[in-house]
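User: I'm new to reading protein models and I'd like a close look at one part of this one. Could you walk me through it slowly, in plain language?

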Amino acid sequence: MTAGPEIKVAPGFVAVNWQPIAAAPQGGTRLLLWDSVSKRPVFGSWRGDNPAITHYAAEPAGPEVA
């Protein structure tokens, strides 16, 4: 098995781990949601009532403050 190409990213870059919306928690947890109509991420909680939202990810942590 060969290794894939090395991917270089900017320091502090965090990749988003998108998951299908069917698995999203619905208890008021704040999430990063993918809006397939506007083609951009939005913050909110998933209530299962918007067919435009197709994927979710955990809300990213904020930066560390020294």
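Which residues does Leu31 touch, not counting residues up to four places away in sequence? Please use that as the way in to the strand around it and its surroundings.

Analyst: Happy to. One thing to keep in mind is that this is a predicted model. The average pLDDT is 87, and 86% of the residues score at least 70. Among the strands, confidence is highest in β2, with a mean of 97, and lowest in β3, with a mean of 95.

Now your residue. Leaving out residues up to four places away in sequence, Leu31 touches Ala24, Pro25, Val42, Phe43, Gly44, Trp46, Tyr56, Ala57 and Glu59. To make sense of that list, let's see what surrounds Leu31.

Start with the overall plan. The protein has 4 strands and 0 helices, so to speak a β-β-β-β layout when you read from the N terminus. The strands make an open sheet in the order β1-β4-β2-β3, with antiparallel pairing. At the edges sit β1 and β3, each of which pairs on one side only. As background, strands in a sheet pair through backbone hydrogen bonds, and they can do so in a parallel or an antiparallel way.

Strand β2 covers residues 31-35, and you can follow its pairing on either side. Towards β4, which covers 53-58, there are 5 bridges, and the two strands run antiparallel. Leu31 has Ala58 as its bridge partner in β4, while Leu33 has Tyr56. Towards β3, there are again 5 bridges, and this pair is antiparallel too. Here, Leu32 has Phe43 as its bridge partner in β3.

How covered up is β2? Mostly: 4 of its 5 residues are buried. For the whole protein, 18% of the 66 residues count as buried. The accessible surface comes to about 5400 Å², and 58% of that belongs to carbon and sulfur atoms.

That leads to the core. The largest nonpolar core has 7 residues: Ile21, Ala24, Leu31, Leu33, Trp46, Ile53 and Tyr56. The elements giving two or more residues to this core are β2 and β4. Go back to the touch list and you'll find that Leu31 is in contact with Ala24, Trp46 and Tyr56, and those names are in the core as well. In soluble globular proteins, nonpolar side chains tend to be buried together.

Next, follow the chain out of β2. The loop between β2 and β3 (40-44) contains Lys39. Together β2 and β3 form a hairpin with 4 residues between them, and Lys39 in the turn has a positive phi of about 60 degrees. Is Lys39 buried or exposed? Exposed, because its relative accessibility is 59% and the cut-off for exposed is over 50%. Its C-alpha atom is 9.8 Å from that of Ile53, a residue 14 places away along the chain.

Now look at the other end of β2, where Glu59 from the touch list comes back. Glu59 forms a salt bridge with Arg30, with the closest N and O atoms 2.8 Å apart. Glu59 lies in the segment after β4 and Arg30 in the loop between β1 (19-20) and β2, so this pair ties together parts that are 29 residues apart in sequence. Both residues are partly exposed: Glu59 has a relative accessible area of 36%, and Arg30 has 46%. In general, side chains of opposite charge can pair when their charged atoms come close.

The structure holds 2 salt bridges. Asp49 forms one with Arg47, the closest N and O atoms being 3.6 Å apart. Arg47 counts as exposed, at 60% relative accessibility.

Finally, step across to the edge strand β1, which is where you'll find Gln19. Apart from neighbours within four places in sequence, Gln19 is in contact with Thr54, His55 and Tyr56. Gln19 is partly exposed, at 29% relative accessibility. The C-alpha atoms of Gln19 and Ala58 are 9.3 Å apart in space, although these residues are 39 apart in sequence. Across the protein, 35% of the contacts between residues at least 6 apart in sequence join residues at least 24 apart.

So here's the picture to keep: Leu31 belongs to the largest nonpolar core, and its bridge partner in β4 is Ala58.

Note on methods. Residues are numbered from 1 along each chain as its sequence is written. This is a predicted model: local features need pLDDT of at least 70, side-chain atom pairs count only at pLDDT 80 or more; totals for chains, interfaces and linings use all residues. Side-chain values use heavy atoms; hydrogens and water are left out. Buried means under 20% relative accessible area, exposed over 50%, partly exposed in between (1.4 Å probe, protein chains only). A nonpolar core is a set of buried Ala, Val, Leu, Ile, Met, Phe, Trp, Tyr and Cys residues joined through side-chain atoms within 4.5 Å. Contact means heavy atoms within 4.5 Å. Accessible areas come from the Shrake-Rupley method with a 1.4 Å probe; for residues, only the protein chains shown count as cover. A salt bridge is a side-chain nitrogen of Lys or Arg within 4 Å of a carboxyl oxygen of Asp or Glu. Two strands pair if DSSP finds at least two bridges between them. pLDDT is the predictor's confidence in each residue, from 0 to 100.
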